[in-house]
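Hi,

Here is the structure I said I would pass on. Have a look at it first, and then read on for my notes.

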Amino acid sequence: TAMVAASLDFALDTTTEVVRLHAIYSSGSWIDVAWQRLGDFGRNLRGFWLFMPRLMLVFLLGVFAVRLGWITRPHRHRLMWRRVLAVGLLAALPLNLWWGYGAVAMAVDPMTPQPAAHAALFVLELSGTALAAAYVAAFMLASERAMDAVAAWLAPVGRMALTNYIVQSLACGLLFHAYGLGLGGLLTRAQMLAVCAAIMLAQVLFSR
């Protein structure tokens, strides 16, 4: 009984917090949103040390990938890249789809607890990295002509990374928050996703 009561209290507190945050981000003033963002940023900083080991591991893996020629000479390591791609598609992709399903369920109905989504979040720590490695493997196994075509579109975006990051923040703030057009309180999640995709496409074209 005590465990059930504790679970209900936690669900109620979470629901109340979701409602409060939604009200701030969809209808709050610029000061309200900025103040809430500062609080969110502080909480992220307090938990940042938990991500440091994984960040350091990814950086070291990148160094080794260059020094061992995995990225600079991928044609010599095609078997290794095929294995990475297989692991990513056969193991990591289903786990990421599981997490994606749970995330969508929480977004559509945030008032209903989604224990499966929280469980999926734990495996996302490994499956997300493995799927990212599979994306890299797909590029490493692609033909030189295909890579040149992809680079022609994506390299300019990478060279303007800071500009694009700032533009995304400004555009989404002005479009979705109440101090701008306030679309965050009017559009569905699918419509907001479409707007974000349109912003990213426009940035790809602008970066070139």
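Below is what turned up in it, going from the overall fold to single residues.

One thing to keep in mind from the start: this is a predicted model, and the values below are computed from it.

**The fold**

The protein has eight helices and zero strands. If you walk along the sequence, the pattern reads α-α-α-α-α-α-α-α. As for how much is tucked away, 20% of the 208 residues count as buried.

**The second largest pocket**

I spent some time on the second largest pocket, which has a volume of about 490 Å³. Its lining is made up of 21 residues, and the ones nearest its centre are Leu61, Val84, Thr129, Ala132 and Ala133. Where does the lining come from? Helix H3 (52-67), helix H4 (78-108) and helix H5 (115-141) each give at least two residues to it. The largest share is that of H5, with seven residues. Sorted by type, the lining residues of this pocket come out as 15 nonpolar, three polar and three charged.

**Some spots on H4, H5 and H7**

Two of the helices that line the pocket also hold residues that pair up with distant parts of the sequence. Leu95 is in helix H4, and its C-alpha is 8.5 Å from that of Gly128, with their positions 33 residues apart in sequence. Is Leu95 buried, partly exposed or exposed? It counts as partly exposed, because its relative accessibility is 32%.

Val136 belongs to helix H5. Its C-alpha lies 9.0 Å from that of Val84, although the two are 52 residues apart along the chain. Val84 may ring a bell, as it is among the residues nearest the centre of the second largest pocket. With a relative accessibility of 33%, Val136 is partly exposed too.

Further along, Ala161 sits in helix H7, which covers residues 161-176. This alanine is partly exposed, with 47% relative accessible area. How far is Ala161 from Ser207 in space? The C-alpha to C-alpha distance is 9.4 Å, for a separation of 46 residues in sequence.

**Cysteines**

I also checked for disulfides, and the count is zero. Why is Cys172 not in one? The closest cysteine sulfur to that of Cys172 belongs to Cys196 and is 4.5 Å away, which is too far for a bond; a disulfide needs the two sulfur atoms within 2.5 Å. Seen from the other side, Cys196 has the sulfur of Cys172 as its nearest cysteine sulfur, at that distance of 4.5 Å, and is in no disulfide. Both cysteines can be placed by their accessibility: Cys172 is partly exposed at 24%, and Cys196 is partly exposed at 25%.

**Aromatic rings**

Searching the whole structure for aromatic pairs gave zero. There is a ring with a charge over it, though: Arg208 lies over the face of Trp153, 4.1 Å from the ring centre.

If you want a place to begin, try the pocket with its five residues nearest the centre, then go to Cys172 and Cys196, and finish with Arg208 over Trp153.

Cheers

Conventions:
Residues numbered from 1 in each chain as written. Predicted model: local features only at pLDDT ≥ 70, side-chain atom pairs only at ≥ 80, totals over all residues. Heavy atoms only, no water. 1 Å grid on protein atoms, 1.4 Å probe; cavity = no way out; pocket = protein on both sides within 12 Å on 5 of 7 lines; lining within 4 Å. Points joined across faces, edges and corners; volume = space filled by probe spheres on them. Helix = DSSP H or I, 4+ residues; strand = E, 2+ residues; numbered from the N terminus. Nonpolar A, V, L, I, M, F, W, Y, C, P; charged D, E, K, R; others polar. Phe/Tyr/Trp six-rings, centres within 6.5 Å; stacked < 30°, edge-to-face > 60°. Lys NZ or Arg CZ within 6 Å of the ring centre and 35° of its normal. Buried < 20%, exposed > 50% of the residue type's maximum accessible area, 1.4 Å probe, protein only.
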